[in-house]
Amino acid sequence: MRLFLQVCIFLLASEVVFAADVPKVGNGSVKRIEGFDSEFIGKRTVDIWLPDGFKKEGDYEVLYMHDGQMLFDAANTWNKQEWGVDETAGRLIKEKRIRKLIVVGVWNAGSERWKEYFPQRVLDYLEPETRKRVLKNGLESDPGADRYLKFLVYELKPFIDRELGVCPKQECTFVGGSSMGGLISIYAAAEYPRVFGGAIAMSTHLPLMVDRNGYTGKEPEAFRRYLEDRLRGERLPKLYFDYGDKTLDALYPPLQEELDKTLVTIGYRKKNWITKYFPGDDHSEQSWRNRFETPLRFMFGK
């Protein structure tokens, strides 16, 4: 019961969107787009981190990240924590440990967050009764992940490519997030493997559901079967997973182990996939901040 309450508190808190000033960063700069318009989803705030010395047409790579309001400035977040994306990425670029990149942080949609981050096509892998239950109790009969990905792929990415002159190629374009943001990152890479060269999924919420009235235990297996079918025969995107074992992360070790077995059957090997276990880490921005260097070096390392 205690863990269930922790789960609900975290996910509800993560839905909160605060109107805030442009984040103050210790490295580089942040440019904000207020209310980016879309025909697929509601208007969305987008924060774009540019490293020191950024120059348009500089052939920079791009990392699109979800829950964008949690990335840069703890003064403006609901729990006073942040990923410290600017500090870590900026330091690694200056040390020449990773290639040049920018980070595009897409704010979540508050109460719509779960709907947009739940891998929509996984519903097709659930038996009718389970699918009905998930739709009713978790998604309110309105899954939104496919619309959200269309916004990223067909609206936001072309804008970023055009306005900032970054490298538009698949091998230059990555996506990342944590928890449900990790799920939608993997889903994005699976649905658009010719758009995204890799996905970072930290503390991936592999149960997919949390509400005990909606979670049946069958969702993780459905997600694995979806990935097996979707990625087999494709140009495999590079994948990074990690997890801890405290608070919400306590749910993840056995589910990640099963997912790792599926990745092997698909054809993943060390060159294009890594899963890291961090004993003692919990489900928080502070934990993701502490280990963010690891996925950056895996995806962008020289």
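**Exercise 1. The surroundings of Gly-244**

Task: Determine which residues Gly-244 touches, leaving aside residues up to four places away in sequence, and state where in the chain Gly-244 is found.

Solution.
1. In this predicted model, the contacts of Gly-244 beyond four places in sequence are Asp-249, Pro-253, Tyr-277, Phe-278, Asp-281 and Arg-291.
2. Gly-244 belongs to the loop between β7 and α8.
3. The relative accessibility of Gly-244 is 0%. Buried means under 20%, so Gly-244 counts as buried.
4. A separation along the chain can be set beside one in space: Gly-244 and Asp-282 are 38 residues apart along the chain, and their C-alpha atoms are separated by 5.7 Å.

**Exercise 2. The sheet and its edges**

Task: Give the order of the strands in the open sheet, and explain why β1 and β8 each have one side without a neighbour in the sheet.

Solution.
1. The open sheet has eight strands, arranged as β1-β2-β4-β3-β5-β6-β7-β8, and its pairing is mixed.
2. β1 (29-36) and β8 (273-277) stand at the edges; each has a single partner strand, so one side of each lacks a neighbour in the sheet.
3. From one strand to the next, the twist averages 15 degrees.
4. Helix α2 (residues 85-94) packs on the sheet and touches β2 (44-50), β3 (61-65) and β4 (101-106). The direction of α2 makes about 30 degrees with that of β2.

**Exercise 3. From β7 to β8**

Task: Establish in which sense β7 and β8 pair, parallel or antiparallel, and give the handedness of the crossover from β7 through α8 to β8.

Solution.
1. Strand β7 (residues 238-243) pairs with β8 in the parallel sense, over five bridges.
2. Two bridge partners illustrate the register: Tyr-240 is matched with Ile-274 in β8, and Asp-242 is matched with Lys-276 in β8.
3. The chain passes from β7 through α8 to β8, and this β-α-β crossover is right-handed.
4. The connecting helix α8 (residues 252-266) lies across β7 and β8 and runs at about 160 degrees to β7.
5. A further interaction involves Lys-238: the charged end of Lys-238 sits over the ring of Phe-298, 4.5 Å from its centre.

**Exercise 4. Val-104 in strand β4**

Task: Classify Val-104 as buried or exposed, and list what Val-104 touches beyond four places in sequence.

Solution.
1. Val-104 is found in strand β4.
2. With 0% relative accessibility, Val-104 counts as buried.
3. Beyond four places in sequence, Val-104 touches Val-46, Asp-47, Ile-48, Val-62, Leu-63, Tyr-64, Met-65, Leu-156 and Ile-160.
4. Val-104 and Pro-23 are 81 residues apart in sequence, with a C-alpha to C-alpha distance of 13 Å.

**Exercise 5. The covering of helix α2**

Task: State how many of the ten residues of α2 are buried, and identify the elements against which they pack.

Solution.
1. Seven of the ten residues of α2 are buried, and the helix is mostly covered.
2. These are Val-85, Asp-86, Thr-88, Ala-89, Gly-90, Leu-92 and Ile-93.
3. The buried residues of α2 pack against β2, β3, β4, α9 and α10 (293-300).
4. After α2 comes Lys-96, with a positive phi near 60 degrees.

**Exercise 6. Aromatic pairs**

Task: Classify the ring pairs Trp-83 with Trp-288 and Tyr-148 with Phe-151, and locate their residues.

Solution.
1. The structure holds 14 aromatic pairs.
2. The ring centres of Trp-83 and Trp-288 are 5.6 Å apart and the planes lie at 35 degrees, so this pair is tilted.
3. Trp-83 is in the loop between β3 and α2, while Trp-288 is in helix α9 (residues 285-291); the pair therefore ties together parts 205 residues apart in sequence.
4. Both partners are buried: Trp-83 has a relative accessible area of 2%, and Trp-288 has one of 0%.
5. For Tyr-148 and Phe-151, the centres are 6.3 Å apart and the planes at 40 degrees, so this pair is also tilted.
6. Tyr-148 and Phe-151 lie in helix α5 (residues 145-164), three residues apart, or about one turn of the helix. Because an α-helix has 3.6 residues a turn, residues three or four places apart point the same way.
7. At 0% relative accessibility, Tyr-148 counts as buried, and Phe-151, at 0%, does too.
8. Tyr-148 and Phe-151 belong to one aromatic cluster, together with Phe-36, Tyr-117 and Phe-159.

Notes
Residues numbered from 1 in each chain as written. Predicted model: local features only at pLDDT ≥ 70, side-chain atom pairs only at ≥ 80, totals over all residues. Heavy atoms only, no water. Pairing = 2+ DSSP bridges. Helix = DSSP H or I, 4+ residues; strand = E, 2+ residues; numbered from the N terminus. Axes fitted to C-alpha atoms, helices over the stretch in contact; angles between N-to-C directions. Contact = heavy atoms within 4.5 Å. Right-handed = clockwise from strand over helix to strand, strands pointing away. Buried < 20%, exposed > 50% of the residue type's maximum accessible area, 1.4 Å probe, protein only. Phe/Tyr/Trp six-rings, centres within 6.5 Å; stacked < 30°, edge-to-face > 60°. Lys NZ or Arg CZ within 6 Å of the ring centre and 35° of its normal.
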